[in-house]
Amino acid sequence: MGGQRRMQSRKPAGMDDNAVKGILILTIVVGHSLFLKATDLGGAFVAFLYFWHVQGFFLLLSRRGPTRSGVRWGDMLVRYFVPYLLVAGGIGALRAAASGDPGALAEMLLGLVMGNSSYLDAYSGGVYWFVPTFVMTLLAWQGLSRHADHPAVVLALVAIGVLSTRVPAEILKQLPLGLGLVPYVLAMMVIHRTYARWIEGGRVPAAAVLALCLAGAGVVAGLVWAGTTVNVGFFRFGRTPLALAAGLVFPALIFEALVLLTRAATAPGWLRALGRSSFGIFLFHQPILFALTMAGRSLGYDTAMGAGLSLLAIPAAVIISFLLDQGLRGFRPTKRFVFPRDRQELLGRPT
């Protein structure tokens, strides 16, 4: 694929989407481990993951051009918001009922509408900000991607994204449906798209892709060692120019290294299966991981039994949430109401 050609295919040649998604969802589950966050080494590793792991799912979009048929907004909203409301809303409703606070249910509903971690984590008990932000970004990208290879558009989106990080988090979190993150994410995506076009055009050889990724990882590791963190879910973009640049650029560097690895070797079937179920795993792993880790903490993180159970909670959360996703999708009634493909399926109409 030439460097000057637009990447218009839904799936670029040689890119194993499911393998990349499988790696990303595993790092997300690991990054949500309360046990790892409670240790110095584990906490540093989780901070390293926060620079790029969730961001990788947005970069899957930036490597693609617009679909020929366009996107149906209603179908996108159904596909992503129905499971989001059922899972995040269901957990929030249970928490509200258990609290006995008459205003807890209203706060939970507010959290779902605002769609960012500042609200969702407090009122719904889950890190589900990704879903509304992803949908809003997807819809914005559908209109912008046709122009995303124009240098002026790239510079404008990067400038707007950088400026958005200077807006106080207290203001950004007041925008509904995670819209406060969209300018930053779009900036990250056009940076990645430009880099990916250079790679596809042969301007960045494979060895350089890996070297740049390792160099970026070294910079990020140094930032983490110095106590600098990035957590976009809470509008923490890095206080220094270097941290801000690393947060925007490193996801592209490591994503393309993962793409290169999936081209060099065939991914195992189980990893690709996890990638296909990544959305369900993202939704379901959080309560499972939290419950099992709390059981380990009750035994004491400093005991062999407690530490062992807390570590086993990570693969257990992956496996259980994967099986739950497969079971719900494999049974037509639950597939229709939990994971509808579009409005027609949700309404039971033939497509």
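Select leucine 86 to begin: this residue sits in helix α5. The model you have open is predicted, so colour by pLDDT if your viewer allows that. Leucine 86 is partly exposed, because its relative accessible area of 46% falls between the 20% and 50% cut-offs. Now add Phe337 and Val338 to the selection, since leucine 86 touches both of them, leaving aside residues up to four places away in sequence. With valine 338 the link runs across 252 residues of sequence, yet the two C-alpha atoms are 7.4 Å apart.

Step one residue along, to valine 87, also in helix α5. Is valine 87 buried or exposed? Valine 87 is buried, because its relative accessible area of 11% is under the 20% cut-off. Show Tyr128, Leu283 and Phe284 as sticks: valine 87 touches these three, not counting residues up to four places away in sequence. For a distance check, pick glycine 275 as well; its C-alpha is 20 Å from that of valine 87, with the two positions 188 residues apart in sequence.

**Into the core**

Next, highlight Phe51, Trp52, Phe58, Phe130, Phe250 and Leu283. These are the residues with the most contacts inside the largest nonpolar core, which has 97 residues. Which helix gives the largest share of this core? That is α13, with twelve residues. Zoom in on tryptophan 52 and look at what surrounds its side of the core: beyond its neighbours within four places in sequence, tryptophan 52 is in contact with Leu24, Thr27, Phe250, Pro251, Ile254 and Leu258.

**Helix α6**

Select residues 104-114, which make up helix α6. Its buried residues are Ala104, Met108, Gly111, Leu112 and Met114. Show α5 and α7 too, as both are included in what covers those buried residues. Just after α6 comes glycine 115, with a positive phi near 70°.

**Two more positive phi values**

Most residues other than glycine have a negative phi. Two loop residues here are worth a click on that account.

- Leucine 177 has a positive phi of about 55° although it is not a glycine. Look for leucine 177 in the loop between α10 (169-172) and α11 (182-200). Leucine 177 is partly exposed, with a relative accessible area of 26%.
- Phenylalanine 235 has a positive phi near 60°, and is likewise a residue other than glycine. Phenylalanine 235 lies in the loop between α12 (206-225) and α13 (241-264). Phenylalanine 235 is buried, with a relative accessible area of 7%.

**The second largest pocket**

Now turn on a surface and go to the second largest pocket, which holds about 600 Å³ of space. To centre the view, select His32, Asp121, Gly126, Val127 and Gln286, the closest to the pocket's centre of the 28 residues that line it. Then colour α2 (34-37), α5 (73-99), α7 (117-123) and α15 (278-299), the elements that each give two or more residues to the lining. Which of them gives the largest share? That is α15, with seven residues. Coloured by class, the lining shows 15 nonpolar, ten polar and three charged residues.

**Last stop: confidence**

Finish by looking at pLDDT along the chain. The mean is 91, and 93% of the residues reach 70 or more. Where should you be wary of the coordinates? Select residues 1-10: pLDDT stays under 50 there, and the model has 26 contacts beyond four places in sequence for this stretch.

Conventions
Residues are numbered from 1 along each chain as its sequence is written. This is a predicted model: local features need pLDDT of at least 70, side-chain atom pairs count only at pLDDT 80 or more; totals for chains, interfaces and linings use all residues. Side-chain values use heavy atoms; hydrogens and water are left out. On a 1 Å grid over the protein atoms alone, a cavity is a set of points where a 1.4 Å probe fits but cannot get out, and a pocket is an open set with protein on both sides within 12 Å along at least five of seven lines; lining residues have an atom within 4 Å of a point. Grid points are joined across faces, edges and corners, and a volume is the space filled by probe spheres set on the points. Helices (H or I, at least four residues) and strands (E, at least two) are DSSP runs, numbered from the N terminus. Ala, Val, Leu, Ile, Met, Phe, Trp, Tyr, Cys and Pro count as nonpolar, Asp, Glu, Lys and Arg as charged, and the others, Gly among them, as polar. pLDDT is the predictor's confidence in each residue, from 0 to 100. Contact means heavy atoms within 4.5 Å. Buried means under 20% relative accessible area, exposed over 50%, partly exposed in between (1.4 Å probe, protein chains only). A nonpolar core is a set of buried Ala, Val, Leu, Ile, Met, Phe, Trp, Tyr and Cys residues joined through side-chain atoms within 4.5 Å.
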